[in-house]
Structures are given as structure tokens and as C-alpha cells.
Amino acid sequence: MSRTLPLAVVAALLLIVSACSGGTSASAPASAPAASEPAASEPAASEPAASESGGTGEAACAPSTEAGTVAATIAGFAFDPPTITAGVGDVVTWTNNDSAPHTATMASDATCTTETLGNGASGSIVFNVAGSYDYFCKIHSQMTGTVEVS
């Protein structure tokens, strides 16, 4: 009898632990950050997130297959010019003149990016909302630039 009791207790504990471990049962949603505490993934107020829209339902920026209305280059592991000036609706096209691959990826939303550009390749992003967009190369994070859209 002394041996049966501990096995029953262990079995009961395992049943309780497995029931509390989640499984397929519903659980209460996690609480949102307090209104005075911005979420860590929120962009700074001066940088619109790529998911924001200008009231048109369009994303603030998005990859584009259109020919660029504003040209930039990548050379010497740097973006040129480091600050690009564009207007709302402009398409910025980066052309990689380095032998290494690069991207142009918006810091506020990594889905707003060019594909990985090999030597001689170009990639474009359309900007639909005015703002300041900091960007970087996903492969070489020390490479940074800004697109100023007005």
C-alpha cells in the first residue's frame, strides 16, 4: 500500500501539470503595455511605420517593381546619397555597385525592403506617406541612410 500511494500522487500531479501547461485549452490574453509605456516595437514619432497609411489605405512604404523616380547607389559599403529626398508617391531605386550583396531595409518596418541586391542589381521602394525613414542594409548593419519624404 505504501508503494501505491506515491504512484497515485505522482500520476495526479502529472495530470494537474499537463492540464495547466496550455495544450489546446484557451488562455487569457496577455495584457497590453500601459498607455504611458510605448511598446518596444513602436517607431519613434518622427518615423512613420510602413503599415501606417496616409488615409488612402496604402502602406507608408512598400517594395516596388516600378522604375525609380529617385536614384541612389550602393558603393564602398555605403549608401549614396546618405540622405535621399523624395516626394510622396516617389519610387526610390537603389543600384548596387559593390561586389558584395546589399539591401535597403526600412528600420521602422523590415517588410519594407528591397530584395538582396547582387552586383549591378537594382531594387525599389515606393513611399506613400511623408516622413523620415531611417534605413539600413540587413547584411551589413553598419550601412545606414535616411529617406526624407515630403
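Two strands count as paired when DSSP finds at least two bridges between them. Keep that in mind, and let's walk through this model, which is a predicted one. Five strands make up an open sheet, and their order across it is β1-β7-β5-β2-β3, with mixed pairing. At the edges sit β1 and β3 (78-80), each of which pairs on one side only. If you ignore direction, neighbouring strands in this sheet are turned against each other by 25° on average.

Now step back for the overall plan. The protein has one helix and nine strands, and reading along the sequence gives the pattern α-β-β-β-β-β-β-β-β-β. Of its 150 residues, 33% are buried. Take the contacts between residues at least 6 apart in sequence: 58% of them join residues at least 24 apart.

A good place to look more closely is β5, residues 91-96. In the sheet order, β5 has β7 on one side and β2 on the other. With β2 (residues 70-75), β5 pairs in the parallel sense, over five bridges. Two places to spot this are Ala 71, which stands opposite Thr 93 in β5, and Ile 74, which faces Asn 96 of β5. On the other side, β5 and β7 run antiparallel and are joined by five bridges. Here you can find Thr 95 standing opposite Ser 122 in β7. Strand β5 is also mostly covered, since five of its six residues fall under 20% relative accessible area and so count as buried. As a general point, side chains in a regular strand alternate between the two faces of the sheet.

What about the nonpolar residues? In soluble globular proteins, nonpolar side chains tend to be buried together. In this model, the largest nonpolar core has 23 residues, and the ones that touch the most other members are Trp 94, Met 106, Phe 127, Tyr 133 and Val 147. Several strands feed into this core: β2, β4 (83-86), β5, β7, β8 (131-136) and β9 (144-149) each supply at least two residues. Strand β2 gives the most, with three.

Met 106 is worth clicking on. Setting aside residues up to four places away in sequence, Met 106 touches Cys 61, Trp 94, Cys 112, Ile 125, Phe 127, Tyr 133, Asp 134, Tyr 135 and Phe 136. Two of the cysteines in that list bring us to the next stop.

How many disulfides does a search of the whole structure find? There is one, and it joins Cys 61 to Cys 112, with the sulfurs 2.1 Å apart. Cys 61 belongs to strand β1, while Cys 112 sits in the loop between β6 (105-106) and β7 (122-127), so the bond ties together parts that are 51 residues apart in sequence. Both ends are tucked away: Cys 61 is buried at 3% relative accessibility, and Cys 112 is buried too, at 1%. Another cysteine, Cys 137, has a relative accessible area of 0%, so this residue also counts as buried.

Stay with β1 for a moment. This strand covers residues 61-64, and Ser 64 is part of it. Is Ser 64 buried or exposed? Its relative accessible area is 16%, and the cut-off for buried is under 20%, so Ser 64 is buried. The side chain of Ser 64 reaches the backbone nitrogen of Glu 66 at 3.0 Å. Beyond its neighbours within four places in sequence, Ser 64 is in contact with Val 91, Ser 124, Ile 125 and Val 126.

Finally, there are two backbone details to look for. Most residues other than glycine have a negative phi, and most peptide bonds are trans. Phe 77, in the loop between β2 and β3, has a positive phi, near 55°. With a relative accessible area of 41%, Phe 77 is partly exposed. A little further along, the peptide bond from Asp 80 to Pro 81 is cis, with omega near 0°. Pro 81 itself lies in the loop between β3 and β4.

Note on methods: Residues numbered from 1 in each chain as written. Predicted model: local features only at pLDDT ≥ 70, side-chain atom pairs only at ≥ 80, totals over all residues. Heavy atoms only, no water. Helix = DSSP H or I, 4+ residues; strand = E, 2+ residues; numbered from the N terminus. Buried < 20%, exposed > 50% of the residue type's maximum accessible area, 1.4 Å probe, protein only. Polar contact = N/O pair within 3.5 Å; in protein donor to acceptor, adjacent residues only side chain to side chain. Contact = heavy atoms within 4.5 Å. Disulfide = S-S within 2.5 Å. Core = buried A, V, L, I, M, F, W, Y, C linked by side-chain atoms within 4.5 Å. Axes fitted to C-alpha atoms, helices over the stretch in contact; angles between N-to-C directions.
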